[in-house]
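Student: Could we go through this structure together, one question at a time?
Tutor: Gladly, let's take a look.

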Amino acid sequence: MCTQRKHSLDSYLSEIRELKERMRQVFPSYIASLKELSSLPEEFERRFWASHVKALLQTVKADYENFQAKAQKVDFLGQFMTLGIGVALKAGGMQPIVPPPPIQLGIVILPSGEIKPTVLYERRPQQDAILLSIDRFEAIAQRLMDGIMKGEIVPESEEEIPKLVYSLALKVAQSSPEL
């Protein structure tokens, strides 16, 4: 009986050694899984705020496209009227009118965070307003999403996102004034 007990104690010790070895093998992947699991709430929050930026971008693009369609109608009517007046002036022996340049559209971002499409002119519609092309606006929104996903920028509320777009656009405008 004593030998059976000794034998079972020896086998028990060898099983413990095997278990220790298996644990050493499994431990690094277990720790990595725990770290990944603990980072999920941060990842979720980052994706949540990035989706708000994406929704803002889609809204601004839709507004821009509607504004662009209306501007094209106005531009077409202006070109048509200019052509008609030019024909009448030419028939009367006068010089025809030079057609106006095509309308240039863009996005204006106000310090309040309001973002809307506009016609680009030499002067800004409001002090501290930022005028951008739609492509530049998309690039700035993408930079904001990247900053959020990296954890460099953490919005507090949905209303803060347009103001973050404004501050990022202001930084970009100061570094390269030709927007």
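Student: Is Lys61 buried, partly exposed or exposed?
Tutor: This is a predicted model, in which local features need pLDDT of at least 70 and side-chain atom pairs count only at pLDDT 80 or more, while totals for chains, interfaces and linings use all residues. Residues are numbered from 1 along each chain as its sequence is written, and side-chain values use heavy atoms, leaving out hydrogens and water. Buried means under 20% relative accessible area and exposed means over 50%, with partly exposed in between (1.4 Å probe, protein chains only). Lys61 has 33% relative accessibility, so the class for Lys61 is partly exposed.

Student: Which residue does Lys61 meet in a salt bridge?
Tutor: A salt bridge here is a side-chain nitrogen of Lys or Arg within 4 Å of a carboxyl oxygen of Asp or Glu. For Lys61 the N to O distance is 3.2 Å, and the partner is Glu138.

Student: How many residues apart are Lys61 and Glu138?
Tutor: Helices (H or I, at least four residues) and strands (E, at least two) are DSSP runs, numbered from the N terminus. Lys61 lies in helix 1, whereas Glu138 lies in helix 2 (residues 134-150). The pair therefore links distant parts of the chain, and the separation is 77 residues.

Student: What separates Arg24 and Glu21 along helix 1?
Tutor: Their side chains also meet in a salt bridge, at 3.8 Å from N to O. Helix 1 covers residues 2-91, and because Arg24 and Glu21 are three residues apart in it, their separation is about one helical turn.

Student: Is Arg24 buried or exposed?
Tutor: Its partner Glu21 is partly exposed, at 40% relative accessibility. Arg24 has 58% relative accessibility, so Arg24 counts as exposed.

Student: Which residue forms a salt bridge with Lys116?
Tutor: Lys116 is partly exposed, with a relative accessible area of 36%. The closest N and O atoms of the pair are 3.9 Å apart, and the partner of Lys116 is Glu114.

Student: How many salt bridges does the count come to?
Tutor: We have met Lys61 with Glu138, Arg24 with Glu21, and Lys116 with Glu114. By the distance rule, the count is three.

Student: In what order do the elements of the chain run?
Tutor: The chain has three helices and three strands. Reading from the N terminus on, the order is α-β-β-β-α-α.

Student: What percentage of the residues count as buried?
Tutor: The chain has 179 residues, and the same accessibility cut-offs apply. The buried part comes to 24%.
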